[in-house]
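The following questions and answers concern one protein model and proceed from the whole chain to individual cysteine pairs. Please consult the sequence and the structure shown here.

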Amino acid sequence: MRLTRYALLLILLLVSVNAEQQAAPGSKCRTGPLDLVFLIDSSRSVRPFEFETMRRFLVNIIRGLDIGPNATRVGVIQYSSQVQSVFPLGAFFQREDMERAIHAIVPLAQGTMTGLAIQYTMNVAFSVAEGARPLQAQVPRVAVIVTDGRPQDRVAEVAAQARNRGIEIYAVGVQRADVGSLRAMASPPLDEHVFLVESFDLIQQFGFHFQGRLCGEDLCTDGTHGCQQLCVSTPGSFHCACNPGYRLALNNKSCSVIDHCEEGTHGCEHLCIKSDGSYTCGCRKGYALHLDQRHCTVIDHCSFGNHSCQHECVSFPEGPRCRCRQGFDLQPDGRRCQPRDYCNGIDHGCEFQCVSSGSSYRCICPEGRQLQADGKSCDRCRAGHVDLVLVIDGSKSVRPQNFELVKRFVNQIVDFLDVSPEGTRVGLVQYSSRVRTEFPLGRYGTADEVKQAVLAVEYMEKGTMTGLALRHLVEHSFSETQGARPRAQNVPRVGLVFTDGRSQDDISVWAARAKEEGIIMFAVGVGKAVEEELKEIASDPPEQHVSYSPDFSTMAHLLENLKVNICPEEGKGVTELRSPCDCESIVEFQGSALAALGSLEQKLTQLTARLEDLENQLANQK
C-alpha cells in the first residue's frame with residue numbers, strides 16, 4: 001500500500017509555531033492508524049547544537065500525534081556507521097516515555113551508512129515482532145529519513161526494495177545533503193517526498209505549509225473515489241481495496257478474481273495450467289502426473305529395454321543414461337565401459353609413483369627408499385648421512401610476510417630428512433648486510449627441534465651481502481667446532497643458499513672456494529634473483545642444483561627437485577656392508593621386485609584394454 005503526500009503532514013504539522021497557532025489548543029489531527037519510523041542521521045558531520053535542534057524537532061512532532069496502540073505508533077532509529085534502535089514501534093504508547101528516550105539519545109558520531117539504516121528499517125523496524133501491525137491490517141507504513149550528508153553506501157537498490165514492500169519514504173536533507181541521494185531514496189512523486197533545507201532550524205517550517213491539508217475530510221465518503229469494491233481512508237487521501245478472493249487491478253481501482261496459478265496457491269509440483277476459472281496440474285518433459293494429480297514422478301526409460309548399456313542403465317527426465325560399475329569408466333560412445341586407470345583419474349596421493357592394479361591402485365618408491373605405513377609416502381632420506389647448512393636471505397627486499405614463507409619452506413625441507421646426530425645434521429645461517437648463525441650443525445638432534453628453532457628466527461632486514469654469507473659458510477659453518485663431522489668420515493657437506501635478488505658484494509671468490517672445499521652447493525632463487533649468480537653459486541650440473549620460483553607463494557613446487565638431489569646416493573657417507581640374506585636386504589629386494597611387477601602389470605592392463613577396443617571396432621565394421 002502507498003501513503004500519499006499528505007502523510008508527511010502528519011509528521012511535520014505540529015513542529016511549526018504557525019501550525020500550533022491555527023490548531024485548537026490540545027487538539028490532535030485524527031487521521032486513522034499509522035506506523036511511523038524516524039531514521040535520524042547522527043554521523044560526526046552533525047554538530048552537537050544541530051543534533052539538539054533535531055531532538056526538539058522529534059519531540060514537537062510526537063506532541064502533535066494521536067499516539068496509541070490503535071492510532072499512531074512511533075519508532076526512532078539513529079544511524080552512522082552502525083544502526084541503533086532508540087525505541088521500536090511497540091515500545092511506548094505514552095508521549096512522556098518517548099520524550100525521555102529521545103532526550104537520552106547519545107549521537108554515534110561516525111560515518112553515514114544510510115543504506116544500512118534503510119535495510120534495518122525494512123527488515124527489522126517494520127516487523128510484527130518490533131510492534132508493526134501486520135500487512136493484512138493495511139495500516140500505512142511511513143519512514144522519514146533526516147540526513148545532512150552524502151551516504152557512504154548504496155541507497156537506491158535497498159530503498160526500492162523498501163518501497164516495493166509498501167513503505168512510503170520521505171527524504172529530508174539538511175545543509176550538505178546530496179539531492180541525488182535524496183531522490184534515490186524517496187517515494188514518488190519526488191516533489192512531494194523530497195525536501196531540502198539550508199539548516200536544521202528550518203526543518204520546523206514544514207508544519208505551516210501542510211496544516212490545511214492534514215486534517216481534511218474523509219475522501220471515501222464523498223462517493224468520488226472510483227473504487228470498485230472497498231475504499232480505505234488514509235491521512236488526507238485514500239486507497240482502494242478488494243474483498244477476499246479478489247485482487248486489485250493495475251489501475252488500483254478495479255478488482256479481479258485471484259489467479260491461483262499466478263499466486264502460487266495451487267499445490268502443483270511442476271506446472272499449473274489455468275482453465276475456465278480453475279486450474280489443473282501438469283508435469284515437465286520426462287515426468288508423469290501422479291495419481292494425486294499434483295505431484296510428478298520420473299518416467300523409467302530404462303524399463304523400455306532399448307538402452308544398450310554394457311553395465312547399468314539409469315533413468316533421467318531427459319532419457320536413459322549408461323553407468324559403469326565401480327572400477328570402470330564410461331567410453332565416449334556413452335554405452336561401453338573400460339577398466340579405470342586410477343592413477344590418472346584420481347588424486348592418488350602417491351609421493352613417488354602410482355601403479356594401477358585391477359580395480360584399485362598402489363604406490364611405489366624409488367630404488368633405495370621404502371614405502372611407509374600410510375601406503376603413499378616414502379621413507380626419509382636414509383641412503384646416507386648429510387651435513388646440511390641452509391643460508392637464507394633476510395634482506396629488506398624479502399619483507400616480513402615472505403620471510404615467514406621462507407621459514408615454512410625450510411621446514412618442508414627438514415620434513416624429508418632423517419635428522420639425528422648420527423644421520424642428517426642441519427644448521428641455519430641468515431644474512432643481510434651482516435651474517436648471523438641462527439643455530440650450528442651440532443645443536444639439534446631431531447627434526448622437531450630444528451623446526452621449532454626455524455620458526456623462532458627473527459627477520460634481519462637491511463642489505464644483501466651474499467658473498468659475505470658464502471665466506472661465513474666456508475670458514476665457519478662446516479667446522480667441527482660448529483658440529484660438522486670430520487672429513488675422514490666422508491659425510492657429504494651440502495650448502496643451500498636462498499636469495500631473492502642481486503648480491504651487493506662479489507660472490508665469485510667464495511662461491512668457487514665453497515666448491516673447492518668439497519661442499520655440494522644448491523641455489524634457490526625467488527622473484528628478482530639473478531640467474532647468473534644462482535649458477536655461479538651452485539654446483540654442476542646447474543639443472544640439478546639451481547631452482548627458481550617467480551614468487552614466494554609458489555615455492556612448494558621446488559621441493560620435489562630438492563628431495564631428489566639433496567639425498568646422497570647409495571654408498572656415500574658411513575655405511576656398512578650387508579649380507580644379501582639379511583632380512584632388510586630381502587625386504588628391499590621384494591620392494592624393488594614388486595615395483596617392477598606393478599609397472600609391468602599396468603602396461604599389460606593398458607595393452608589388454610587397447611586390444612579389446614580394437615576387437616570391438618572390428619566387430620562393429622562387420
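Q: What percentage of the residues of the protein chain count as buried?
A: The model is a predicted one. A residue counts as buried when its relative accessible area is under 20%. Among the 622 residues of the protein chain, the share that counts as buried is 44%.

Q: How many helices and how many strands are there in the protein chain?
A: Helices and strands are taken as DSSP runs. On that basis, the protein chain holds 19 helices and 26 strands.

Q: How many disulfides does the count come to?
A: The criterion is a pair of cysteine sulfur atoms within 2.5 Å. By this rule, the count is nine disulfides.

Q: Why is the disulfide of Cys-302 and Cys-313 left-handed or right-handed, and what is its torsion?
A: The sulfur atoms of Cys-302 and Cys-313 are joined at an S to S distance of 1.9 Å. The disulfide is left-handed because the torsion about its S-S bond is about -80°.

Q: Which of the two, Cys-302 or Cys-313, is buried?
A: Buried requires a relative accessible area under 20%, and partly exposed lies between that value and 50%. Cys-313, at 22% relative accessibility, counts as partly exposed. With a relative accessible area of 15%, the buried residue is Cys-302.

Q: How many residues apart in sequence are the parts that Cys-309 and Cys-322 tie together?
A: A disulfide joins Cys-309 to Cys-322, with an S to S distance of 1.9 Å. Cys-309 lies in the loop between β14 and β15, whereas Cys-322 lies in strand β16 (residues 319-323), so the parts tied together are apart in sequence by 13 residues.

Q: Are Cys-309 and Cys-322 buried or exposed?
A: The link between Cys-309 and Cys-322 is left-handed, with -80° about the S-S bond. As for accessibility, both Cys-309 and Cys-322 are buried.

Q: In which strand does Cys-337 lie?
A: Cys-337 forms a disulfide with Cys-324, the sulfur atoms being 2.1 Å apart. Cys-324 lies in the loop between β16 and β17 (328-330), and the strand that holds Cys-337 is β18 (residues 337-339).

Q: What is the relative accessibility of Cys-337?
A: The cut-off for buried is under 20%. Cys-324 counts as buried at 14% relative accessibility. Cys-337 also counts as buried, with a relative accessibility of 11%.

How values were computed: Residues numbered from 1 in each chain as written. Predicted model: local features only at pLDDT ≥ 70, side-chain atom pairs only at ≥ 80, totals over all residues. Heavy atoms only, no water. Buried < 20%, exposed > 50% of the residue type's maximum accessible area, 1.4 Å probe, protein only. Helix = DSSP H or I, 4+ residues; strand = E, 2+ residues; numbered from the N terminus.
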